[in-house]
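Here are some notes for a colleague who is opening this structure for the first time. They deal with the ligand and with the pockets, and they are best read with the model in view.

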Amino acid sequence: MFTPVAGRTVLVTGGTKGIGKGIARTFLEAGARVAIAGRDPDLGAAAVSDLGTAGGEVAFVRADVGVAADVERMVADTVERFGNLDVLCPNAGVCPDVRVVDMTEEDIDAIFATNVKGTMLAVTASVSELARSGHGRVIITSSITGPITGFPGWSHYGATKAAQLGFLRTAAIELAELGITVNAVIPGNIEIEGLDDPASDWRQRLASSIPQKRLGTVADIAHAILFLATDEAGFITGQTIVVDGGQILPEWPLPDSGSESSRGAA
Ligand code: NAP
């Protein structure tokens with residue numbers, strides 16, 4: 001049985017929608033106190049209202065994670081509201097679409113500001129509070145894109161998601177002596193609000209390429225993060241866990257269900 005995370009304080013950047021909101025909901029259902037951060041106060045208020053019934057205690061803190069002063073205030077506001085900080089989930093991320101041949105300096109700076117600088121600033125601003133908790137946890141949301149796979153339009157995005165993992169491996173070593181673990185989840189394709197038409201051909205083709213024949217849910221990601229936040233995961237650091245229904249495994253297009261493989265043994 002895992003030691004409950006009830007009463008622990010969790011800060012989720014990008015917690016106002018998508019995967020971050022799912023992370024917040026799962027921690028709230030486990031009885032934690034959760035601060036969700038984002039840039040849009042209206043989105044933040046709507047998320048607090050929606051998450052309010054999940055259990056625990058939730059608050060919105062406004063911050064652009066690419067701006068150091070915002071991130072310092074985000075952590076200070078969280079600690080002022082809840083008294084401490086046990087778990088940091090640097091999850092805020094953007095995924096614009098641009099081909100290498102069209103990419104500008106602004107495209108590169110903008111995505112690195114949120115996905116890489118935002119992750120690193122959140123960790124550096126949280127270190128002293130996480131150390132004070134005695135069981136500090138950092139759990140980063142990376143992606144299969146970059147560390148493992150590629151896709152047209154996402155070269156800069158993939159670079160940021162791989163950079164997060166480069167950061168975490170040395171951060172895990174340095175922060176070990178402060179009792180802080182640093183790990184990452186690596187999601188495959190996840191159902192979030194605003195994704196294309198549920199019945200679209202694109203979605204069906206994507207699902208059929210995944211061994212489990214479905215996209216992931218935000219809860220799939222959140223439960224892996226919840227595990228890494230437990231006391232029982234305290235000896236795991238500097239690691240990544242892929243949560244993708246087997247998406248990265250096939251070395252050849254999967255045969256349709258029920259049909260025989262179209263290719264002989266390798
Ligand atoms: P999403 O639905 O677009 O949500 C992004 C969240 O991040 C929002 O709360 C947004 O709020 C916030 N955000 C964006 N830029 C920010 C900034 N500069 N400062 C503070 N907050 C910011 O995205 P998502 O799909 O859930 O993605 C969340 C994370 O999962 C990302 O790191 C992404 O790379 C990763 N991921 C997603 C998938 C997927 O299939 N969805 C797959 C692999 C990895 P505001 O806009 O109000 O700031």
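1. A molecule is said to sit in a pocket if more than half of its atoms lie within 2 Å of the grid points of that pocket. By this rule the ligand sits in the largest pocket, and the reader should keep in mind that the model is a predicted one. To the shell around the ligand, two or more residues each are given by α1 (18–29) and α5 (155–176).

2. The shell around the ligand holds 27 residues, among which T16, I19, R39, N91 and Y157 come nearest. Sorted by class, the residues of this shell are 10 nonpolar, 12 polar and 5 charged.

3. Three distances deserve a look, beginning with the side chain of K17, where an N or O atom is 3.5 Å from an oxygen atom of the ligand. At D40 the backbone takes this part, with an N or O atom that lies 3.0 Å from an oxygen atom of the ligand. On the side chain of T114, an N or O atom is 3.0 Å from a nitrogen atom of the ligand. As for cover, the ligand on its own has 880 Å² of accessible area, and the protein covers 89% of this.

4. The largest pocket has a volume of about 1500 Å³. Its lining counts 46 residues, of which G93, V94, C95, Y157 and I192 are the closest to the centre of the pocket. The elements that give two or more residues to this lining are α1, β2 (33–38), α5 and α6 (201–208). By class, the lining of the largest pocket divides into 19 nonpolar, 19 polar and 8 charged residues.

5. Which residues line the second largest pocket? The lining is made up of S208, S209, Q247, P250, E251, W252, P253 and L254, and the volume of this second largest pocket is about 150 Å³. By class, 4 residues of its lining are nonpolar, 3 are polar and 1 is charged.

Methods
Residues numbered from 1 in each chain as written. Predicted model: local features only at pLDDT ≥ 70, side-chain atom pairs only at ≥ 80, totals over all residues. Heavy atoms only, no water. Near = heavy atom within 4 Å. Polar contact = N/O pair within 3.5 Å; in protein donor to acceptor, adjacent residues only side chain to side chain. Areas by Shrake-Rupley, 256 points an atom, 1.4 Å probe, with all protein chains shown as cover. 1 Å grid on protein atoms, 1.4 Å probe; cavity = no way out; pocket = protein on both sides within 12 Å on 5 of 7 lines; lining within 4 Å. Helix = DSSP H or I, 4+ residues; strand = E, 2+ residues; numbered from the N terminus. Nonpolar A, V, L, I, M, F, W, Y, C, P; charged D, E, K, R; others polar. Points joined across faces, edges and corners; volume = space filled by probe spheres on them.
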